[in-house]
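Hi,

Here is the structure I promised to pass on. Have it open while you read, and my notes follow below.

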2 protein chains.
Amino acid sequence: MTYPRYTPLAESLPATVPFVGPETQERQRGAPFAARLGANESIFGPSPHAIEAVKQAASEIWMYGDPENHDLRHALAAYHGLRAENIVVGEGVDGLLGYLVRLMVSSGDPVVTSQGAYPTFNYHVAGFGGTLHTVPYRDDHEDPRALIAKAGEVGAKLVYLANPDNPMGSWHTGSDIVAAMADLPAGCLLVLDEAYVECAPEGTAAPVEADDPRLIRMRTFSKVYGMAGARVGYGLAAPGLISAFNKVRNHFGMNRAAQAGALASLRDIDWLSHVQSEIKAARDRIAVIARDNGLIPLPSATNFVTIDCGQDGAFAKAVLDNLVAAGIFVRMPFAEPQNRCIRVSCGKSGDLDAFAAALPRALLAARKRSQT
Amino acid sequence: MTYPRYTPLAESLPATVPFVGPETQERQRGAPFAARLGANESIFGPSPHAIEAVKQAASEIWMYGDPENHDLRHALAAYHGLRAENIVVGEGVDGLLGYLVRLMVSSGDPVVTSQGAYPTFNYHVAGFGGTLHTVPYRDDHEDPRALIAKAGEVGAKLVYLANPDNPMGSWHTGSDIVAAMADLPAGCLLVLDEAYVECAPEGTAAPVEADDPRLIRMRTFSKVYGMAGARVGYGLAAPGLISAFNKVRNHFGMNRAAQAGALASLRDIDWLSHVQSEIKAARDRIAVIARDNGLIPLPSATNFVTIDCGQDGAFAKAVLDNLVAAGIFVRMPFAEPQNRCIRVSCGKSGDLDAFAAALPRALLAARKRSQT
């Protein structure tokens with residue numbers, strides 16, 4: 001008998017990862033990146049109060065974190081005008097998506113997402129044996145009506161929609177999302193990933209009741225709050241679904257210093273405004289750099305700008321590879337036709353200077369290659 | 001149709017948690033604990049270098065951690081004289097046990113553990129639909145031969161053994177473990193939880209080859225390294241099993257500051273020695289306090305001492321409740337006959353002073369109650 005005896009599902013899974021980390025790429029190229037603009041991290045950093053809270057908590061790190069995340073959940077409840085019973089805190093949105101899929105999806109259960117949307121969600125669906133159905137983007141936007149129609153057609157248990165979207169940066173108004181939800185098939189849960197919503201125009205967050213049983217909204221401290229490395233995400237949903245996470249989650253899985261940092265971060269409204277304006281300025285600058293190089297920046301409601309390189313996926317990939325070789329960490333969409341683009345996270349002046357300096361050469365080399 | 005449509009397995013799971021956290025108990029009693037001696041945390045704290053590393057990483061927390069845990073895995077490999085391919089790092093042993101069970105256990109698959117051993121392992125087995133078979137402790141020790149015999153009898157995919165044991169503090173020599181492994185049934189993986197092994201006498205760690213396909217060993221930075229709140233555990237096993245974790249783990253789930261802290265912690269051999277001697281002194285002190293009160297301290301190879309209260313589970317529970325009411329956070333074994341004991345973590349002088357002061361009254365009140 002062979003060791004170990006994996007489940008048939010585990011045996012069938014590929015050994016792929018959703019993303020290759022920038023550190024891996026740095027090790028491969030033998031040098032650090034000059035600009036880290038590929039993972040939609042917030043280079044503007046977390047609130048100084050959050051940094052201070054993490055430092056303060058460092059000497060208390062011998063204690064497990066509160067498994068109920070009591071203080072953070074209550075602070076989030078006050079912030080959102082909800083009850084703590086509407087909120088689950090977990091190890092980033094990635095962790096929470098894993099728990100959610102585990103609660104809902106077993107072998108062959110249908111799930112719907114957009115072709116080329118967040119791969120980590122797909123990773124979890126595959127990981128629990130679900131069957132993924134996709135619909136295409138429409139004009140570089142996820143298509144809520146098509147997603148929901150597909151969910152009805154296949155009897156989906158879950159339908160995933162990011163608003164604003166990653167990797168395209170596009171968005172819908174919250175009221176458009178609510179309108180589309182009218183057609184959600186009975187028993188299908190909408191997973192509304194609002195990880196970037198704090199970067200978006202007023203009115204982008206879906207105006208839904210937290211007790212609405214038809215959806216769960218995902219939020220995070222990884223993006224505008226600048227704490228990606230802390231791993232703190234949260235879900236907003238009806239109390240029944242929230243408490244179901246207690247059946248499967250890693251109760252003592254939260255880092256204690258991360259809990260403290262997120263709490264401090266949430267209270268620093270001024271820092272949030274500061275980062276929001278930095279993001280706007282950086283988006284404008286990235287758009288200018290793109291246009292200066294004859295490329296088309298797509299409108300963005302996120303902390304990144306997706307740039308249409310004007311040709312096919314192979315060309316965009318060549319541009320990306322050239323940028324990476326020049327020390328600029330960026331990523332690109334996986335699926336056609338979005339993969340004609342590269343995706344550039346907002347950064348500080350120095351980061352964008354480095355990008356601006358590298359882009360013309362990266363384009364030139366890619367154009368030379370595509371002509372041969 | 002009702003919302004949401006959970007899987008039949010999720011629907012069947014109870015909404016229980018493996019442990020109630022001390023913060024929850026503090027909120028219930030309306031006051032903080034005077035001594036936190038219930039969760040086998042290391043009150044002696046992490047290495048000052050680890051604290052400094054966490055503080056340094058605080059301002060870099062906007063970056064995701066390295067999903068490969070490259071530096072930590074390579075440092076661990078050097079430390080243990082293994083290859084990085086033998087090591088998986090994850091969100092505490094709890095997180096790693098969850099992934100392991102997910103890889104191996106599906107509906108009805110048999111798993112073996114001891115009656116009253118680590119409940120979080122049982123939580124994961126139940127959470128993936130496994131069937132748990134138990135064997136009793138023998139003289140307050142887990143019984144490797146009985147566990148392995150039971151594994152053969154039921155065709156177990158996994159058999160769990162903690163050495164040293166929690167909650168009893170008892171241990172076997174590593175060579176006894178290896179001898180018992182000779183009877184491991186083909187295809188049964190031994191999960192050897194060595195979370196407390198750095199507190200144990202030389203020779204307690206099982207002298208097995210890392211490439212031995214019959215077992216995985218779990219280690220942690222939560223106990224002697226004093227970083228429970230950081231959530232860093234690791235598994236040592238053959239490369240095939242290690243790489244299987246990549247099929248299901250939360251690749252970006254590690255806290256970046258925790259990675260840095262664990263790395264610094266591992267390098268501070270002096271601090272490890274310091275904590276080991278503090279633990280020995282605290283165990284001796286707890287034993288004296290127990291004997292001064294007419295109770296029997298069990299021998300311990302961990303950072304806690306389990307104290308036989310000399311009567312039944314109800315009596316020990318009364319002692320525990322009285323201690324908790326007096327501000328001393330302790331825990332106790334769940335299962336008979338081990339539940340005649342309370343479990344007291346090593347602490348600093350002040351913590352043990354508080355325990356020493358509270359214990360006589362807690363015992364007196366429990367004895368009065370049991371006489372009525």
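Before the strands, a word on terms: two strands pair if DSSP finds at least two bridges between them. Keep in mind too that this is a predicted model.

With that in hand, start at β7 of chain A, residues 215-220. β7(A) and strand β8 (residues 233-236) of chain A pair in the antiparallel sense, over four bridges. If you want a spot to look at, A:Arg217 sits opposite A:Leu236 in β8(A). β7(A) has another partner in strand β6 (residues 189-193) of chain A: here four bridges join the two strands, and they run parallel. On that side, look for A:Asp193, which stands opposite A:Met218 in β7(A).

Is β7(A) buried or exposed? It is mostly covered, with six of its six residues buried. A:Leu215, A:Arg217 and A:Arg219 point one way from the strand, while A:Ile216, A:Met218 and A:Thr220 point the other way. Both sets are buried, the two arginines included.

Now zoom out to the domains. The assignment for chain A gives domain 1 as 8-45 + 270-371 and domain 2 as 48-268, so to speak two pieces of sequence for the former and one for the latter. Their C-alpha centres lie 24 Å apart. Where they meet, 28 residues of domain 1 of chain A are in contact with 29 residues of domain 2 of chain A. On the domain 1 side, the elements giving two or more residues are α11 (269-292) and β10 (304-308) of chain A. α11(A) gives the most, with six residues. By type, that side of domain 1 splits into 16 nonpolar, nine polar and three charged residues.

Last, the two chains. How many residues of chain A are in contact with chain B? The count is 75, and they meet 75 residues of chain B. Several helices of chain A each supply at least two residues to the side that touches chain B: α1 (8-12), α2 (22-29), α3 (48-58), α5 (92-104), α9 (239-244) and α10 (256-267). The largest share, six residues, comes from α5(A). Sorted by type, the residues on this side of chain A are 36 nonpolar, 23 polar and 16 charged.

If you only have a minute, look at β7(A) between its pairings with β6(A) and β8(A), then at α11(A) on the domain 1 side and α5(A) on the side facing chain B.

Cheers

Notes:
Residues numbered from 1 in each chain as written. Chains lettered and ligands numbered in written order. Predicted model: local features only at pLDDT ≥ 70, side-chain atom pairs only at ≥ 80, totals over all residues. Contact = placed C-beta atoms within 7 Å. Nonpolar A, V, L, I, M, F, W, Y, C, P; charged D, E, K, R; others polar. Domains from an automatic or database assignment. Buried ≥ 20, exposed ≤ 12 C-beta atoms within 10 Å, placed from the backbone.
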